[in-house]
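Visitor: Got a minute? I'd like to go through this complex with you.
Guide: Sure, bring it up.

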Amino acid sequence: MTAPAAPGPVGGAATGSIYDLGYRGYDGPRSGRHVVVRALLRQSLQEAYGIGRGGRAKVAPFLLLIFNAVPAMLAVGISAFLNQAGGSEVLEQGIPIRHDTYWSLTSTFVMLFCAAQAPELFGRDQRYGVLPLYFSRVLTRVDYALARVGGLFIAIFIVALLPHLILTIGAVLGAPDPVAGLQDELPEIPSYLAMTLIGSAVFAGVSSVVASYTPRRAYAVAGIIALFIVPPIVIGIIAALSVPDIAKVLLLASPSDVVDGVNGAIYGPLRIGNETFQIATLPGWVYVVTALAYVAGSLAIVLRRYLTVTV
Amino acid sequence: MPLIATKSLTKRYPGGVTALDDLSVELEPGIIGLVGANGAGKSTFIRILLGLLEPTSGTASVLGYDVRTQGSALRRYVGYMPESDCLPPDTTATDFVGQMARWSGLPRAAARERAAEVLRHVGLYEERYRPMGAYSTGMKQRVKLAQALVHDPRLLLLDEPTNGLDPAGRDEMLALVKRTGTEFGIAVVVASHLLGEIERVCDHLVAVDAGRLIRSAPLTSFTERTGTLAVDVEEGADKLVAALTAAGIEAVADGRTVLIHLEDERPYDLVRDTVADLGLPLVRIEQRRRGLEELFQ
């Protein structure tokens, strides 16, 4: 760059130097905290899907979004085919892909989504030292943390909810009588909304905790995966060695098992083919309360992180 | 209302390090140099003014806002350029500065427009559409300045803006700082450990050492004249000293320079006459100014 020319008057003769344009102030509106928090929430949701970043950033989130929905698409396709073939009543019982089984069948994809994308929302700003720039602006530290957690939660909720919407639409459109199909499907909606809301909130909460304390991406990814798959293994070993009753309670220390328990509390025992699996061995409300405690506890830990981190 | 007012500002870090010690200062708008050695408390001072850091005791207000209780409102009108790296390498300067404008409360369209304008202003053209990971240090420092300016603040807080720049880059950055302060009517606080740099752009100087205020005064009063007259001669410095001493004036030779203690006007004529009488090749006669460096000796 060449040395700046002597600045001319605003709008002065064009000499080819940008400095002649002069500096203009900004007299437009300046929003307060609430508007900025909403903007950061939306930005976080976009970042969770790699939107606004290069193409490679979009691969993992969208693949996982699609993978998680593939079973629902297959189920809808098979049902439609069977309906046409006239064998729906018999064979529909054989398709284990239903609202009540969906979370247990595919939550691995939701977990992988958390592991891949939570570090994007929480790690980058810490890794690259951007936090001081956020905290020296309108947002408070609490605002920032809530917007990040909220963005991740909505992103996960979309992943978890999409297959249920596909199942519902498929059931309505595929039914011989769409109105009757809708009537059959309506009672399902509050159940799967509740299930996916709670599941997404727990998954968002615990992955936010790991990611906010672990600026290094690789460690955060490994940490989140470990948090979901190690506790069930450890508890399984403990159960094998000692009293199974203790293991039932210990399972509450495993976030993924707690969410499966919530699924059981909402839908009852898991039914696949002719077999049923009793996942919820404690009263259903215990899992729901524990899940909510996970959410509240995670939020508290994440807020603590951002209130105390030195920038 | 002063731009910045602090009263007995103290910051002790856990572990017993006192970064700021009972610092009271009142500053009026202008370009204010905050000068001190590394670790003197400059960054701590700036971060307290932004509300990034809680003071242990004492009070501080910026633009009339209390930094403890009105931080969010205050920060809408303050721009901050940190000393450390703060640019994500996989984001373009346009996107990054635009986002920062939004977090300062600008609507989306205005944020984009201001980002483009302010990046051009700091001298970033086509490069601004490339990811910042490939930028030189000079370009990164420009983006850091741009994000601090993008919301048109009333006050800019710059922490070591010339860090890591080569001499040409330093000149350009300092020129930008000076222009920001003089033409745009934005008050600037610029922290640096390099006195030579800071005295080129500032009109007011705050000197800190070990967390304590040494002096806060207009730049001119830092460099006021001292009671020393320097006479450069090409040869015969010792003869001049002998003649002056004989006339009852305190003088010492320092190489080819003779330093004369000035108590009144008398030495001026005497030096002229003595040099003429001795026929010495005179280079210059100059009244010495106090150097900024003396502050810290």
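**The interface**

Guide: Chain B and chain A bury about 3,900 Å² between them. Of that area, 55% is on carbon and sulfur atoms. Bear in mind that this is a predicted model.

Visitor: Which residues of chain B lose the most area to chain A?
Guide: B:Leu52, B:Arg75 and B:Trp103. Together they account for 19% of what the chain B side buries.

Visitor: And how many residues does each chain put into the contact?
Guide: Chain B gives 49 residues and chain A gives 38.

Visitor: Switching to charges. How many salt bridges cross the interface?
Guide: The rule finds 2 between chain B and chain A. One of them pairs B:Glu117 with A:Arg24. Their closest N and O atoms are 3.5 Å apart.

Visitor: Which elements of chain B give two or more residues to that side?
Guide: Helices H2 (71–75), H3 (93–103), H4 (108–121), H5 (137–149) and H6 (167–183) of chain B, plus strand E6 (78–81).

Visitor: What's the residue make-up there, nonpolar, polar and charged?
Guide: On the side of chain B that touches chain A, 23 are nonpolar, 9 polar and 17 charged.

Visitor: How many residue pairs are in polar contact across the interface?
Guide: The rule finds 18, with both residues at pLDDT 80 or more.

Visitor: Last topic, confidence. What ipTM and pTM does the predictor give the complex?
Guide: An ipTM of 0.83 and a pTM of 0.84.

Visitor: What's the mean pLDDT of chain B?
Guide: The mean for chain B is 90, and 96% of its residues reach 70 or more. Where pLDDT is low, the predicted coordinates should not be read in detail.

Key
Residues are numbered from 1 along each chain as its sequence is written. Chains are lettered from A and ligands numbered from 1 in the order in which they are written. This is a predicted model: local features need pLDDT of at least 70, side-chain atom pairs count only at pLDDT 80 or more; totals for chains, interfaces and linings use all residues. Side-chain values use heavy atoms; hydrogens and water are left out. pLDDT is the predictor's confidence in each residue, from 0 to 100. Contact means heavy atoms within 4.5 Å. Buried area is the accessible area (1.4 Å probe) that two parts lose on being put together, summed over both. A salt bridge is a side-chain nitrogen of Lys or Arg within 4 Å of a carboxyl oxygen of Asp or Glu. A polar contact is a pair of N or O atoms within 3.5 Å; within protein, one must be able to donate a hydrogen and the other to accept it, and residues adjacent in sequence count only if both atoms are side-chain atoms. Helices (H or I, at least four residues) and strands (E, at least two) are DSSP runs, numbered from the N terminus. Ala, Val, Leu, Ile, Met, Phe, Trp, Tyr, Cys and Pro count as nonpolar, Asp, Glu, Lys and Arg as charged, and the others, Gly among them, as polar.
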